[in-house]
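Biologist: I would like a close look at one part of this model. Please take me through it step by step.

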Amino acid sequence: MRSSLPLLALSSLGALALSMPAQAQQTVATPESAVPATKATELLAEAVPAPLPVETPKPVKKTLAGNVVDEWGNPLMGATVMVLGDQLHSVSTNSAGDYLLPTTGAAPVVRVSFAGYQDAERVARGPADLLFKLEPIEDYKRNLKKRSKAATKAWKR
């Protein structure tokens, strides 16, 4: 006695595991005639249209321009400016403290760092957000001098 459930349905449910040649030899009962299982899957693939490709919006490339100064308003040459999460693209400020930073984010978080100064982070929503005034780290020079002397003594031993 033959089962009324098609073999393809049983194999897709995991109830029947057939090797590929054995599955190709089995037939599925159709009203008109007997069609091999591979033909049935081909007919099913032709009947179901392929999904349309979804177009993803391309990120908008833009360039952020700003300035980095110290606590007295003097430009900081060589300060590192980068977008958080994208460490591959970082730039340094020029002799006037200006920078041009390429980015693709809508409202990127910009981070500025310079030796001896506290790092600054800001969400870049407009031009005023791209002007950074860095504050010095307390006793940075004195601590650096102490560490340098200790390193020199350790080296001479």
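Biologist: Which side chain of opposite charge is nearest to Asp70, and how far away is it?

Modeller: Keep in mind that this is a predicted model. The nearest side chain of opposite charge is that of Lys133, 7.7 Å away from Asp70. A salt bridge here needs a nitrogen and a carboxyl oxygen within 4 Å, so that distance does not qualify. Asp70 is buried and has no salt bridge.

Where does Asp70 sit? It lies in the loop between strand 3 and strand 4. Its side chain reaches two backbone nitrogens there: that of Trp72 at 3.1 Å and that of Asn74 at 2.7 Å. Leaving aside neighbours within four places in sequence, Asp70 is in contact with Leu76, Tyr117, Lys133 and Leu134.

Now follow the strands on either side of this loop. Strand 3 covers residues 62-69. It pairs with strand 6 in the antiparallel sense, over six bridges. Within that pairing, Gly66 stands opposite Tyr99 of strand 6. Strand 6 runs over residues 98-103. Its covered face holds Tyr99, Leu101 and Thr103. Its uncovered face holds Asp98, Leu100 and Pro102. In a regular strand the side chains alternate between the two faces of the sheet.

Strand 4 covers residues 80-83 and includes Val81. Val81 has a relative accessible area of 0%, so it is buried. Setting aside residues up to four places away in sequence, its contacts include Val68, Tyr99, Leu101 and Val110. Thr93 is another contact of Val81. These two residues are twelve apart along the chain, with their C-alpha atoms separated by 7.4 Å.

That leads to the core. The largest nonpolar core has 16 residues, and Val68, Tyr99 and Val110 have the most contacts inside it. Strands 3, 4, 6 and 7 each supply at least two of its residues. In soluble globular proteins, nonpolar side chains tend to be buried together. Val110 touches, among others, Leu64, Met82, Leu130 and Phe132.

Finally, where do salt bridges form? The count for the model is two. Arg111 meets Asp119 at 3.8 Å and Glu121 at 3.4 Å. Glu121 is in strand 8 and Arg111 in strand 7, so this pair ties together parts ten residues apart in sequence. Arg111, Asp119 and Glu121 are thus linked in a network. Arg111 is partly exposed, at 27% relative accessible area. Asp119, at 46%, is partly exposed, and Glu121, at 45%, is partly exposed too. Asp70, by contrast, is buried without a salt bridge.

Terms used: Residues are numbered from 1 along each chain as its sequence is written. This is a predicted model: local features need pLDDT of at least 70, side-chain atom pairs count only at pLDDT 80 or more; totals for chains, interfaces and linings use all residues. Side-chain values use heavy atoms; hydrogens and water are left out. Buried means under 20% relative accessible area, exposed over 50%, partly exposed in between (1.4 Å probe, protein chains only). Helices (H or I, at least four residues) and strands (E, at least two) are DSSP runs, numbered from the N terminus. Two strands pair if DSSP finds at least two bridges between them. Contact means heavy atoms within 4.5 Å. A nonpolar core is a set of buried Ala, Val, Leu, Ile, Met, Phe, Trp, Tyr and Cys residues joined through side-chain atoms within 4.5 Å. Lys and Arg count as positive and Asp and Glu as negative; His and the chain ends are not counted. A polar contact is a pair of N or O atoms within 3.5 Å; within protein, one must be able to donate a hydrogen and the other to accept it, and residues adjacent in sequence count only if both atoms are side-chain atoms.
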